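Trainee: I would like to go through this model and ask how each label is earned. Please set each value against its cut-off as we go.

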Amino acid sequence: MPAAASSASAAAPEPALDPAPADPAAPAVPAPAAGWALAERLDALLGDPEDSAGPFGYAAAARQDAAEEFPAAACAALDRIGVQHYYVPARHGGALTGLPQLLEVVRTLARRDLTSAVAHGKTFLGAVCVWVAEESPGAARLAGLVRAGELVSLGLTERAHGSDLMAGEVVAEPGPEGYRITGEKWLINNATRGRLVCLLARTAPEGGPRGFSLLLVDKARLPRGTWRPLPKVSTLGIRGADISGIAFHAAPVGRDGLVGREGEGPETVLKALQITRSLCTGLSLGAADHGLRLAYGFAAGRELYGRRMLDLPLVRRTLAECYADLLAAEALSLVAARSIHTLPEELSVTSAVAKYLVPTTVDRVLLRLRGVLGARAFLSDHHAHGRFQKLERDHRIVGIFDGNTMVNLYALTAQFRTLARGFAAPAGSGAARPGAWEAATFSPDRPLPALRPEALSLLARHGSTLAASLPGSTAVLARAAADDVRLVPAARAARTLSAACRALHTRMGAARLLPGGAPVESFDLARGYSACLAAACALGLWRYGGDGRGGGGGGGGEGSAAPSPLWLHAVLDRLLSGLEEAVPGSTGPLPRPRGVEEEAREPLYERLLERMAAQYAAGELFSLFPCRTAEGPPC
């Protein structure tokens, strides 16, 4: 039976990624350096992806995908770098002082290879329930094992019940010395290769919300014959990942294996998934950057109809709009990661929006880029190591991780009335309260408060502070536009979004759940609401980010003291389009005839494409913020 060979006492290597350990007693997360500094350091350590001999090269990823081979060399190299230290909070001896750090790590790994990112990063998913649980006597031991490179999986789903956790049939029968586990978990990442499994099991015969508990199972401690791995499952994407299962047969686990308190398993899982859903967006951001880089490079070098493909108007507009979609996803992802610290009581809403909107947006981006690449998008060889077809296959599974699209949209519909009341609340009460949270949440270079797992809640009782900030930020932008004509188009888009958001909340407040669940139109409202919250995040970054207006990276003009409104206008324009698509008629009549509006968009996206081209030529990440990539400028 495969099991990890390293012992619990194995020494954890110091991370080359960040050799200075964090102070666990620090009251707040230190302010990060400008841009994606951690991502830049990690990418440099991974080396040039065009190096065919390196474990993080595109060629290695293509070979492993074709053979459905686990990326063992890449994972081992990540352990040597010390990436796993960022899966452990500083209070438990790890390097993780703030969740935005992990977003950077995941994005950087996913930009190289989604399979490796998923295979290695899933250890955080397996361990996070222990970090969230208020009482976890095994936390210190688990932290040491993770830092030493042991894999941890999360055993939730079962073959017959999928994501219906309350129907689970795996039983952990309590006894004087602990529990005996019997049953099967299936479609579990790293179930075979991982040494530890954080397992949700039925501890009360009647089941129910208080009938399930979490147990941390160390396979190295189990007697022979009490567990067996299930065969690896072939998948369309992330072919090399260890997607398998595990079966238990009266496997004994001591009382020290209990995570939190007995009967609190489902609640702990749902709170932990709020964190991981917010960070799954890093997988999508990395995939979008990879896809855009491939498509732009191809278009720039391809001759078609007697001229460069990049000179064709439709190609230029497609690339620019996809770039704007990536910037919108980045803004939402960054604010969501920061809000884990600043607004944990609202994470049930923020995480559901981020987990629905970002992977869905990137799926659409990749679909559009497939049209730019044409036949090259389908080749598994002959062009760029077949990277695009692998990338598109791999990314499709991101929308399923940690709750699929329907699960996240339903989580929003279940909170409609609360969200509507919070949005309408007067200033100073409920979700509309002003305060220091704004600068801490929206400013990327501000310190964050320490994570408070006890503040996580299954429902946002006062609505969404982020969504409620949209009208205020719109007013700030309008006042700024009175002094800066360049801001007028963005201010117009913000006003349209703000008015639509207010009307949307009215409809949400009037919606009623049916006995069988939410009506179909409620899911459309949830999609529209997601676009509104993403707009609030973008406007918040403009107000507080970087130089005070968020103009730093995504379109700021060199040598200009005032921030450029370019990226903000483009992002709001794309979110307006998404809102109108989700809820037709929600934005009302456009302020100008559609033909005139389109004439205004053309120079907007032409200028945005210039910024994208400048980042490509400089070897930078496609981002709002500066970040060099290891491959550097194109040859």
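Trainee: What makes H7 and H8 partners in a contact?

Mentor: This is a predicted model. Contact means heavy atoms within 4.5 Å. On the H7 side the residues that meet H8 are Ile275, Ser278, Leu279, Thr281, Leu285, Ala288, Asp289, Leu292, Ala295, Tyr296 and Ala299. From H8 they meet residues including Val315, Leu319, Cys322, Tyr323 and Leu326. By class, the contact of H7 with H8 has 17 nonpolar, three polar and two charged residues.

Trainee: Why are H7 and H8 called roughly antiparallel?

Mentor: The axes of H7 (residues 265-301) and H8 (residues 313-342) cross at roughly 160 degrees and come within 9 Å. Angles over 145 degrees count as roughly antiparallel. H7 and H8 are therefore roughly antiparallel to each other. Their crossing is left-handed.

Trainee: At what angle do H9 and H11 pack, and which word fits that angle?

Mentor: H9 (residues 347-373) and H11 (residues 405-413) pack at about 140 degrees, and their axes are 9 Å apart. Roughly antiparallel needs an angle over 145 degrees, and roughly perpendicular covers 65 to 115, so about 140 degrees counts as oblique. The crossing of H9 and H11 is left-handed. Val349, Ser351, Ala352, Val353, Lys355, Tyr356 and Thr360 of H9 make the contact with Thr405, Asn408, Leu409, Ala411 and Leu412 of H11. Seven of these residues are nonpolar, four are polar and one is charged.

Trainee: Now the empty space. What makes a space a cavity and not a pocket?

Mentor: In a cavity a 1.4 Å probe fits but cannot get out, whereas a pocket is open. The structure holds eight cavities of 30 Å³ or more. The largest cavity has about 220 Å³ of space. Its lining has 15 residues, and Val106, Gly121, Lys122, Cys280 and Leu283 lie nearest the centre. H4 (99-112), H5 (114-132) and H7 each give two or more residues to that lining.

Trainee: Which element gives the largest share of the lining of the largest cavity?

Mentor: H5 does, with six residues. The lining of the largest cavity is made of 11 nonpolar, two polar and two charged residues.

Trainee: How many charged residues does the lining of the second largest cavity have?

Mentor: Five, along with six nonpolar and two polar residues. The space in the second largest cavity is about 100 Å³. It is lined by 13 residues, with Arg112, Asp113, His290, Arg387 and Lys390 closest to the centre. Asp, Lys and Arg count as charged, so Arg112, Asp113, Arg387 and Lys390 carry that label. H2 (58-67), H4 and H10 (387-395) each give two or more residues to the lining. H10 gives the most, with four.

Trainee: How much space lies in the largest pocket, and which residues are closest to its centre?

Mentor: The largest pocket has about 1,400 Å³ of space. It is lined by 42 residues, and the closest to its centre are Ser163, Leu273, Arg277, Asp402 and Gly403. At least two lining residues come from each of H5, S2 (152-155), S4 (178-189), H7 and H11. H7 gives the most, six residues.

Trainee: What is the class of Gly403, one of the residues closest to the centre of the largest pocket?

Mentor: Gly counts as polar, so Gly403 is polar. The full lining of the largest pocket has 23 nonpolar, 12 polar and seven charged residues.

Definitions and conventions: Residues numbered from 1 in each chain as written. Predicted model: local features only at pLDDT ≥ 70, side-chain atom pairs only at ≥ 80, totals over all residues. Heavy atoms only, no water. Axes fitted to C-alpha atoms, helices over the stretch in contact; angles between N-to-C directions. Parallel < 35°, antiparallel > 145°, perpendicular 65-115°, else oblique. Left-handed = near helix turned anticlockwise from the far one by under 90°. 1 Å grid on protein atoms, 1.4 Å probe; cavity = no way out; pocket = protein on both sides within 12 Å on 5 of 7 lines; lining within 4 Å. Points joined across faces, edges and corners; volume = space filled by probe spheres on them.
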